[in-house]
Each structure stands twice: as structure tokens, then as C-alpha cells.
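Trainee: I would be grateful for a close look at one part of this structure, followed by an account of how that part fits into its surroundings.

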Amino acid sequence: MELIADSLSWICLMAGSFFCLVGGLGLVRLPDFYTRVHAGGVTDTLGAGLVILGLTFQAGFSLITVKLLLILGFLWLTSATTAHAAVKAAMARGLKPLLHADRDDRDKSGGPEEESEPSSS
Amino acid sequence: MFAACMVAILMTMALALTRAIRGPDVFDVILGVNMFGTKTVLFIAVIGFLTGRPEFLDLALVYALINFIGVIAVLRFTKYGGLGSTPTEEEDAGEKGLAG
């Protein structure tokens, strides 16, 4: 029983770490603000959810599990609200989404934003 | 197991900080800082399990609350140019879905 819980915990923690890393990479690499919101949302929902689920398998049935689930529910509520508010504020400020035509132009002209490190992976 | 997870979360925090420093717009900075705060919550929770002291979860809960309030406050500030100002009519129409 201990072994099963540990294995499930391992799998969830590693999957959560993977999604956190992918989201962080997307936050750095993606071209404009609205796509970066999407990358940040992945880490807040799937990454945090899997990491906290992995910790729950370690805790068993106790008050710690209740606290973990409280943190998880709160993170899920607030991250969605924050992303929504950020996009609304950006739209109200007049930040335009990067369209396909703009993107082609930018690729041809060398790119205004990636002047320092074009191969930062 | 917890150490590997902590390394991954730390790397994600570094990437979020990179975006917060490099961000060309103020909203990119807010996005990076918000993600940094969320990962701080996860990091504190995993530290609690690594050191065998799950009381750290209370700290994580408080961090989650502070992070949410702070980001909403900064967003209102950037949208309206002040924390106490009331939105105008045309902005108020778009404000209905945002309870903050």
C-alpha cells in the first residue's frame, strides 16, 4: 500500500514538474502577451494541480489533505480570475493581439523583440 | 522525489522572473510576477513535505491569498491609473464580469 502511494506520488509530482517547466518555457518563448497568458494558465492549473495531488498521496487522510485541497481550490479559482483580469486590462489599455500577418512581417524583418538572444531555448 | 520537484519549480520561477525582467509591456511584468507568486505557493508546500513539517502549508495558503489580492490591485492600478478612482461609463460596461 505504501509502495502504491509512493509510486502515484512520484508520477504526479514529476508530471506536475514537467507541466510547470513547459509553461515557464512558453512564458519566455511565446511571441505576444495573449499567448503568454495561455502558457501561464497551464502551470497554474495542470502543474499546480498535479504537484498538490502528488503531495496529497503522501499525506494520506488527515488535516493536511484538507489544507492541500484548500490551497488547490483557491489556486484554481484565483489563477483563472487573474488571467481574465489581466487580459481585460490589456484590452482596455489597447494592447493589440499579434495576428498572423504581423507575425510574418516580424519574421522577415528580423524581429523587434528578440534582438539579444535568438536561440534562447 | 521532493528535491527533484523543487528543482523543477525553481527553474520555472527563474523563467517567470526572466519574463518579468525582459517583458516589453507592463502586463508581461504582471504575468511573470503572478506566476512567480503561484510557484512560490507550490514551493513552500513542497518544502514542508521535504523537511517533514507540513505546518508550512499554512504559510502557503497565506501566500496564495496575498498573491491574488496584490495582482488584482496592480491590475486595477494599470487599468484605471489609480486604486480609488471609479470607472467611467464605457469602461464600466466591460467591467461587469470582473469581480475585483
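Which residues of H1(A) are buried?

Mentor: The model is a predicted one, and the description that follows should be read in that light. The buried residues of H1(A) are A:Ser9, A:Cys12, A:Leu13, A:Gly16, A:Ser17, A:Phe19, A:Cys20, A:Gly23, A:Gly24 and A:Leu27. The helix that carries them covers residues 2–29 of chain A, 28 residues in total. From first C-alpha to last, H1(A) reaches 40 Å, close to the 40 Å expected at 1.5 Å a residue. The cover over its buried residues comes from both chains: it includes H2 of chain A, together with H1 and H2 of chain B.

Each of these neighbours leads to a further part of the model. Within chain A, helix H2 (residues 33–59) and helix H3 (residues 63–93) have axes that come within 9 Å and cross at roughly 175°. Because of that angle, H2(A) counts as roughly antiparallel to H3(A). The residues of the contact between H2(A) and H3(A) comprise 17 nonpolar, 7 polar and 1 charged.

Chain B, for its part, contains 4 helices and 0 strands, in the sequence order α-α-α-α. It has 100 residues, of which 37% count as buried. Among the contacts in chain B with a separation of 6 or more, 41% are between residues 24 or more positions apart.

The contact of the two chains takes 43 residues from chain A and 42 residues from chain B. On the side of chain B that touches chain A, the elements giving two or more residues are helix H1 (2–22), helix H2 (26–50) and H3 of chain B. H2(B) gives the most to that side, with 14 residues. By character, the residues of this side of chain B divide into 28 nonpolar, 8 polar and 6 charged.

H2(B) therefore merits separate attention, as the element that gives the most to that side of chain B. Its end C-alpha atoms are 36 Å apart, which agrees with the 36 Å that 25 residues should span at 1.5 Å a residue. The helix is mostly covered, with 18 of its 25 residues buried. Just after H2(B), B:Gly52 takes a positive phi of about 75°.

The largest nonpolar core draws on both chains as well: H1, H2 and H3 of chain A and H1, H2 and H3 of chain B each supply at least two of its residues. This core has 46 residues, and those with the most contacts inside it are A:Val51, A:Ile71, A:Ala86, B:Ala45 and B:Val46. Its largest share, 11 residues, comes from H2(B).

One of the residues just named, B:Ala45, has partners in both chains. Neighbours within four places in sequence aside, B:Ala45 is in contact with A:Ile52, A:Leu55 and A:Ile71, and with B:Phe56, B:Leu57 and B:Ala60. Of these, B:Phe56 lies in helix H3 (residues 56–80) of chain B. With residues up to four places away in sequence not counted, B:Phe56 touches B:Ile44, B:Ala45, B:Ile47 and B:Gly48. B:Phe56 counts as partly exposed, because it has 18 C-beta neighbours inside 10 Å, whereas a buried residue needs 20 or more. The C-alpha atom of B:Phe56 is separated by 10.0 Å from that of B:Val41, 15 residues away along the chain.

Technical notes
Residues are numbered from 1 along each chain as its sequence is written. Chains are lettered from A and ligands numbered from 1 in the order in which they are written. This is a predicted model: local features need pLDDT of at least 70, side-chain atom pairs count only at pLDDT 80 or more; totals for chains, interfaces and linings use all residues. A residue is buried if 20 or more other C-beta atoms lie within 10 Å of its own, exposed if 12 or fewer, and partly exposed in between; C-beta atoms are placed from the backbone. Two residues are in contact if their C-beta atoms, placed from the backbone, lie within 7 Å. Ala, Val, Leu, Ile, Met, Phe, Trp, Tyr, Cys and Pro count as nonpolar, Asp, Glu, Lys and Arg as charged, and the others, Gly among them, as polar. Axes are lines fitted to C-alpha atoms, for helices over the stretch in contact, and angles run from 0 to 180 degrees between N-to-C directions. Angles under 35 degrees count as roughly parallel, over 145 as roughly antiparallel, 65 to 115 as roughly perpendicular and the rest as oblique. The expected span of a helix is 1.5 Å times one less than its number of residues. A nonpolar core is a set of buried Ala, Val, Leu, Ile, Met, Phe, Trp, Tyr and Cys residues joined through C-beta atoms within 7 Å.
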